[in-house]
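User: Hi! I'd like to walk through this structure with you. Could you pull it up first?
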Amino acid sequence: MELATVTAQSECPECFDEIHLAAVMQNEIVQCSGCGVDLEVMELEPLTLELAPEEEEDWGE
């Protein structure tokens, strides 16, 4: 089974810069070239981007 990907452009929800994405998958983390923030691909149709969750240290817990 082939994984679904999309090539499209979208807008950064942080700085509103236009982002061109090629062959991205749902839940992939991409970076905005305008402000550098990490974004998560939430939906492919329509292409929806949201701020990626911050990774927290687990300190071996």
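User: Which strand does S10 lie in?
Analyst: S10 is part of strand β1, which covers residues 6–11. Keep in mind as we go that this is a predicted model.

User: Got it. Is S10 buried or exposed?
Analyst: S10 is buried, with a relative accessible area of 16%.

User: And what is S10 in contact with, leaving aside its neighbours within four places in sequence?
Analyst: With those neighbours set aside, S10 has contacts with D17, E18, I19, L47 and L49.

User: New topic: how many disulfides does a search of the whole structure find?
Analyst: The search comes back with zero disulfides.

User: Why is there no bond between C12 and C32?
Analyst: Because their sulfurs are too far apart: the closest cysteine sulfur to that of C12 is in C32, 3.7 Å away, and a disulfide needs the two sulfur atoms within 2.5 Å. C15 is in no disulfide either, and its nearest cysteine sulfur, also that of C32, is 3.7 Å away.

User: Okay, so are C12 and C15 buried or exposed?
Analyst: C12 counts as buried, at 0% relative accessibility. C15 is partly exposed, with a relative accessible area of 32%.

User: Let's switch to D38. Where is D38 found?
Analyst: D38 sits in strand β4, residues 38–43. D38 is partly exposed, at a relative accessible area of 39%.

User: What does D38 contact, leaving aside its neighbours within four places in sequence?
Analyst: Without those neighbours, D38 is in contact with I29, V30, Q31, E50, L51 and A52.

User: And how far apart are D38 and E14 in space?
Analyst: They are 9.8 Å apart, C-alpha to C-alpha, and 24 residues apart in sequence.

Definitions and conventions: Residues numbered from 1 in each chain as written. Predicted model: local features only at pLDDT ≥ 70, side-chain atom pairs only at ≥ 80, totals over all residues. Heavy atoms only, no water. Buried < 20%, exposed > 50% of the residue type's maximum accessible area, 1.4 Å probe, protein only. Helix = DSSP H or I, 4+ residues; strand = E, 2+ residues; numbered from the N terminus. Contact = heavy atoms within 4.5 Å.
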